[in-house]
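Student: I would like to go through the labels attached to this model, and to hear the reasoning behind each of them.

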Amino acid sequence: DATRESARVSRRGTARDARAMRRARASASDGWLYCGLDFGTSSARLALVDDRGALVGVRTRAYDDANASVARAWERALFELLEDAMDAEERERCQGVAVDGTSGTVVIVDARDGRALREPYMYNETFPDEVERVRALRNGPGKDSTESASSAACKLSRWFRVDAEGDREHAALLHHADWLAYLLHKKMGMSDFNNALKLGFDPAPGVEAFPGWLRDAPFGYMLPTDVRAPGTSFGVMDADVAKRLGFPSTCEVIAGTTDSVAAFVASKAAESGECATSLGSTLALKLISDTRVDDLSSGVYSHRLNGRWLVGGASNLGGWILRRFFSNDALESLSEKIANEGYVATEDYFDGVMLGFGLSVDEASAIVEKSRPADDAQFVVNILSSIANVEARCYERMRTLGASHGARKVYTAGGGAKNGVWSGMRSKAMGDIPVERSACDEAAYGAALLARQGRKRLSGYI
């Protein structure tokens with residue numbers, strides 16, 4: 001019996017040694033992998049990058065039954081991506097994981113076990129009644145975004161005042177990305193600079209804290225207690241989680257970011273004056289600055305990223321205007337005609353419009369339709385040029401508000417990035433600066449670059 005037991009122990013040791021040798025060979029021949037997870041409104045995506053930051057692959061999981069718990073759907077997608085979408089060798093080679101989530105989405109949890117106490121408050125939920133209450137806690141208006149009706153601070157106030165049920169004593173607030181990362185590292189209270197911004201966190205050097213008035217609020221004990229820079233480590237993955245998933249014990253969970261910042265990182269813009277514009281239904285703009293810019297009246301705010309400031313703004317004048325009048329096929333055909341026949345704009349439909357949401361859909365549509373020419377190609381040129389002018393004014397406005405640089409180079413993501421005619425118009429509107437399509441506009445890729453940065457202790461994501 002002793003001999004048989006000794007043989008069994010020897011075989012187990014040999015098997016462990018063989019697995020260790022396979023892992024060593026994989027790391028030596030192929031290098032480590034780093035995983036980014038992007039949780040959007042309807043699906044989650046996973047991206048893997050290698051040691052050089054090159055994209056290895058992207059996988060997707062749609063959230064399950066819409067009638068099921070939202071938080072449970074996120075959790076299932078998380079573990080399906082990590083367990084099923086990655087093969088065993090990829091998991092063994094993975095050394096870092098980072099998560100991005102929708103900005104302003106929060107989960108109220110039991111701080112003892114991370115269990116969601118209610119359905120998440122989603123990014124687009126607003127609580128106007130809480131704005132005055134938050135302002136009263138501050139004892140006056142401020143410069144941050146806590147007083148937006150959709151802010152995490154207003155959602156926290158709402159839960160504490162109206163929606164709390166049962167034991168409040170052990171409740172805590174986590175952002176969308178925070179909670180998903182918690183499921184991997186099991187350390188309560190961890191967040192990142194970018195997600196915590198709309199909760200009132202001040203990421204300025206020398207501050208890096210929630211303001212005293214918020215900490216002293218009745219719900220102040222629910223705030224995240226450990227807020228770190230994106231692309232820095234939260235520590236190793238929980239041992240039981242790593243074992244379940246087949247990840248190495250050395251794999252670390254890295255502080256992530258919001259979905260929009262992750263998409264910016266994916267563009268690989270990294271120098272002051274470099275920008276990223278997302279040309280979707282609306283315009284979303286971000287500019288790297290050495291100085292911080294916050295102007296709530298213009299909807300401008302700054303994230304801290306790798307020691308500099310990512311100045312962000314938006315305009316609701318985007319691609320929806322084109323889709324209101326033309327199909328994608330028609331736009332492609334008309335854009336070719338415009339390029340071949342040298343059309344130029346004859347009208348600026350939105351002269352003077354800059355950042356923010358000053359025109360409603362109906363107002364903007366009425367302006368455009370009122371001056372519609374008979375020639376559809378001319379109409380498209382006028383719309384494209386008008387939106388290009390809005391983009392140029394937005395970046396210029398960021399500079400006049402205090403950004404250290406104007407736009408020097410713009411990377412473009414979203415459906416409008418494919419239109420070369422539009423890119424040329426946008427370049428001209430901004431002073432003939434380079435306008436390029438982003439090589440990758442996957443937010444999950446941006447999260448993976450942050451995972452690589454944090455695990456390798458790099459100063460930047462490229």
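Student: Why does R228 count as partly exposed?

Tutor: This is a predicted model, and the relative accessibility of R228 computed from it is 28%. Partly exposed covers what lies between under 20%, which is buried, and over 50%, which is exposed, so R228 at 28% counts as partly exposed.

Student: What makes the contact of R228 with D226 a salt bridge?

Tutor: The closest N and O atoms of R228 and D226 are 2.8 Å apart, and the rule asks for a side-chain nitrogen of Lys or Arg within 4 Å of a carboxyl oxygen of Asp or Glu, so the pair qualifies as a salt bridge. D226, with 25% relative accessibility, counts as partly exposed. Elsewhere, salt bridges that share partners join D110, R112, D113, R115 and D167 into one network.

Student: How many salt bridges does this rule give?

Tutor: The count comes to 30 salt bridges, and one of them is formed by the side chains of E130 and R161, at 2.7 Å from N to O.

Student: Why is the pair of E130 and R161 said to tie together parts that are apart in sequence?

Tutor: E130 belongs to helix 4 (residues 128-138) and R161 to helix 5 (residues 152-163), so the parts that this pair ties together are 31 residues apart in sequence.

Student: Is E130 buried or exposed, and what is R161 called?

Tutor: E130 has a relative accessible area of 1%, and because buried means under 20%, E130 is called buried. R161, at 40% relative accessibility, counts as partly exposed.

Student: How do you know that E208 and R304 form a salt bridge, and where do they lie?

Tutor: Their closest N and O atoms are 2.6 Å apart, which satisfies the cut-off of within 4 Å. E208 sits in the loop between helix 7 (193-196) and helix 8 (212-215), whereas R304 is in strand 13 (residues 301-305), 96 residues apart, and the pair thereby links distant parts of the chain. R304 counts as buried at 16% relative accessibility, whereas E208 counts as partly exposed at 37%.

Student: What is noted about the phi of D432, and why is D432 called exposed?

Tutor: D432 has a positive phi of about 65° although it is not a glycine, and D432 lies in the loop between helix 15 (420-429) and strand 16 (435-437). Its relative accessible area is 61%, and since exposed means over 50%, D432 is called exposed.

Terms used: Residues are numbered from 1 along each chain as its sequence is written. This is a predicted model: local features need pLDDT of at least 70, side-chain atom pairs count only at pLDDT 80 or more; totals for chains, interfaces and linings use all residues. Side-chain values use heavy atoms; hydrogens and water are left out. Helices (H or I, at least four residues) and strands (E, at least two) are DSSP runs, numbered from the N terminus. Buried means under 20% relative accessible area, exposed over 50%, partly exposed in between (1.4 Å probe, protein chains only).
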